[in-house]
Amino acid sequence: MIYLDNHATTAVDPRVVSAMLPLMTEHYANAGSVTHESGRLVAEQVVQATYSLASHLGAASDELVLTSGATESNNLALFGFALHPRQLRRKIISCVTEHRAILDPLQRLAQQGFEVVLLPVKQQGQSDAGLIDLNQLAQAIDHQTALVTIMLANNEIGAIQPLREIAALCARFEVALHTDATQAIGRMAVDVRDLNVDMLSFSAHKFYGPKGVGGLVVRRAHQRIRLTPQIVGGGQQGNRRSGTLNAPAIVAMARALELCAEEAEIERPRIELLRDRLYARLQAGIDGLTLNGPDLTQSAWRLGGNLNCGFWPVEGQSLMLAVPELAVSSGSACTSAEPRPSHVLQALGMLDDMARSSLRFGVGRFTTESEIDQAAAWLIQASRSLRQLV
Ligand SMILES: Cc1ncc(COP(=O)(O)O)c(C=O)c1O
């Protein structure tokens with residue numbers, strides 16, 4: 001099996017597993033049990049992990065709420081902020097290419113009377129395809145706007161949004177800014193102070209940590225960020241998110257982010273080179289192969305490990321079936337028996353047939369050069385045979 005689906009999830013790094021295991025077998029006490037030494041020991045490890053996580057993101061440790069992952073973080077940011085009793089503004093601005101973990105909560109807020117504006121993105125064929133147009137944001141934002149939520153990096157086409165510029169526009173109208181940074185953390189430098197965002201969501205399993213753990217940074221710099229807790233119970237984390245802390249996963253997540261930072265200088269260019277190699281091989285072997293999303297040469301606009309290509313007239317699903325040893329994603333949301341074309345590719349202005357003919361690749365830490373060559377060879381061969389059938 002060759003795994004090129006690192007945007008869906010990543011393998012847990014063995015060094016992360018090593019950091020995690022003692023908290024499951026030896027130091028398994030509840031971090032809330034500070035009445036005994038075992039509990040205090042775990043609590044101390046959670047404190048250290050929280051400090052490490054926050055500092056790698058440019059935040060203070062009390063600005064980090066630990067959650068079960070980005071979906072929960074996004075729910076807390078959106079519902080918690082919009083539905084706070086002191087929140088009087090009723091408009092939220094986002095973008096058409098957001099993940100469902102943003103779009104679905106927004107749809108619910110719209111049903112509750114919020115005005116939700118989804119900005120379009122630059123169209124396919126432009127070097128910055130997939131990025132929002134700042135002028136359109138400037139036109140939409142006003143003193144009625146409570147929140148702007150724009151993802152940092154897209155999970156299908158790797159488009160990196162201009163968060164600093166977005167933050168400057170938000171500041172002008174005293175609008176809070178949230179970013180879903182799930183795909184960005186571990187893959188590019190992210191610092192909440194530098195980006196000047198108020199809230200930032202992430203999930204550990206996208207950066208070689210375990211599944212089911214993540215966080216929401218809620219900055220103190222801006223006093224207006226008041227969140228209504230979405231999970232209430234034992235009052236953990238200062239009542240911001242109740243529930244027994246998942247200490248093994250939290251310690252593992254911190255270790256995972258430390259490793260990403262330690263290895264960034266070597267790892268990121270290596271992954272980008274492998275991604276470029278994959279694209280070059282596919283391009284050389286497949287006539288009319290198209291690139292979806294921003295130019296690969298624009299590293300400020302596109303994640304280094306991301307590739308999304310159109311294989312028209314061959315369908316992405318058929319290609320995947322023809323190469324069962326390769327783990328990639330069709331970019332389609334298979335929500336029913338009828339696979340729907342990706343809303344992200346549609347937002348780029350692509351016709352449904354083109355969107356259906358696309359595959360998303362995510363190169364990661366454990367991808368090797370020979371895997372890239374083998375994957376390209378399989379895809380070229382499969383696409384040639386399938387073309388004879390269409
Ligand atoms: C951009 C983005 N946001 C949110 C999520 C949801 O993350 P999780 O499933 O870990 O809650 C994902 C994962 O697919 C994602 O790619």
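This passage walks through a predicted model, starting at its ligand and moving on to a helix, a small sheet and a few local backbone details.

The ligand is a good place to start. Twelve names make up the list of its surroundings: G69, A70, T71, H99, M151, N155, D180, T182, Q183, S203, H205 and K206. Sorted by character, the shell comes out as 2 nonpolar, 8 polar and 2 charged residues. Some of these neighbours put polar atoms within reach of the ligand's oxygen atoms. The side chain of S203 has an N or O atom 2.5 Å from a ligand oxygen, and the side chain of T71 has one at 2.6 Å from an oxygen of the ligand. A70 joins in through its backbone, with an N or O atom 3.4 Å from a ligand oxygen. How much of the ligand does the protein bury? On its own, the ligand would expose 400 Å², and the protein buries 83% of that area.

A70, one of the residues around the ligand, also belongs to helix α4, which covers residues 70-82. This helix has 13 residues and stretches 18 Å between its first and last C-alpha atoms, close to the 18 Å expected at 1.5 Å a residue. Is α4 mostly covered or mostly open? It is mostly covered, with 11 of its 13 residues buried. The buried set consists of A70, E72, S73, N74, L76, A77, L78, F79, G80, F81 and A82. In an α-helix there are 3.6 residues a turn, so residues three or four places apart point the same way.

Next comes a sheet. It is open, has 3 strands in the order β9-β10-β12, and its pairing is antiparallel. The edges are β9 (290-291) and β12, each of which pairs on one side only. Strand β10 (residues 306-310) is joined to β12 by 5 bridges, and the two run antiparallel. Within that pairing, G310 sits opposite S358, while C309 has L359 as its bridge partner.

Although β12 is an edge strand, this stretch (residues 358-362) is mostly covered, with 5 of its 5 residues buried. Which residues of β12 point which way? S358, R360 and G362 point one way, L359 and F361 point the other way, and all of them are buried.

Following β10, the loop that leads to α10 (316-322) holds P313. The peptide bond between W312 and P313 is cis, with omega at about 10°. Most residues other than glycine have a negative phi, and most peptide bonds are trans.

Two residues go against the usual sign of phi. N196, which is not glycine, has a positive phi near 60° and lies in the loop between α8 (192-195) and β7 (199-203). Y208, again not a glycine, has a positive phi near 70°, and its place is the loop between β7 and β8 (214-218). Are these two residues buried or exposed? N196 is partly exposed, at a relative accessible area of 33%. Y208 counts as buried, because its relative accessibility is 4%, under the 20% cut-off.

Two more buried positions round off the picture. T179 is part of strand β6 (residues 176-180), and it counts as buried because its relative accessibility is 0%. T179 and V34 are separated by 145 residues in sequence and by 34 Å in space, C-alpha to C-alpha.

S242 lies in the loop between β8 and α9 (247-285). At 4% relative accessibility, S242 counts as buried too. What does the side chain of S242 reach? It comes to 2.8 Å from the backbone nitrogen of G235, and a polar atom of the S242 side chain also lies 3.1 Å from the backbone nitrogen of G233.

Terms used: Residues numbered from 1 in each chain as written. Predicted model: local features only at pLDDT ≥ 70, side-chain atom pairs only at ≥ 80, totals over all residues. Heavy atoms only, no water. Near = heavy atom within 4 Å. Polar contact = N/O pair within 3.5 Å; in protein donor to acceptor, adjacent residues only side chain to side chain. Areas by Shrake-Rupley, 256 points an atom, 1.4 Å probe, with all protein chains shown as cover. Nonpolar A, V, L, I, M, F, W, Y, C, P; charged D, E, K, R; others polar. Buried < 20%, exposed > 50% of the residue type's maximum accessible area, 1.4 Å probe, protein only. Helix = DSSP H or I, 4+ residues; strand = E, 2+ residues; numbered from the N terminus. Pairing = 2+ DSSP bridges. Expected span 1.5 Å × (residues − 1).
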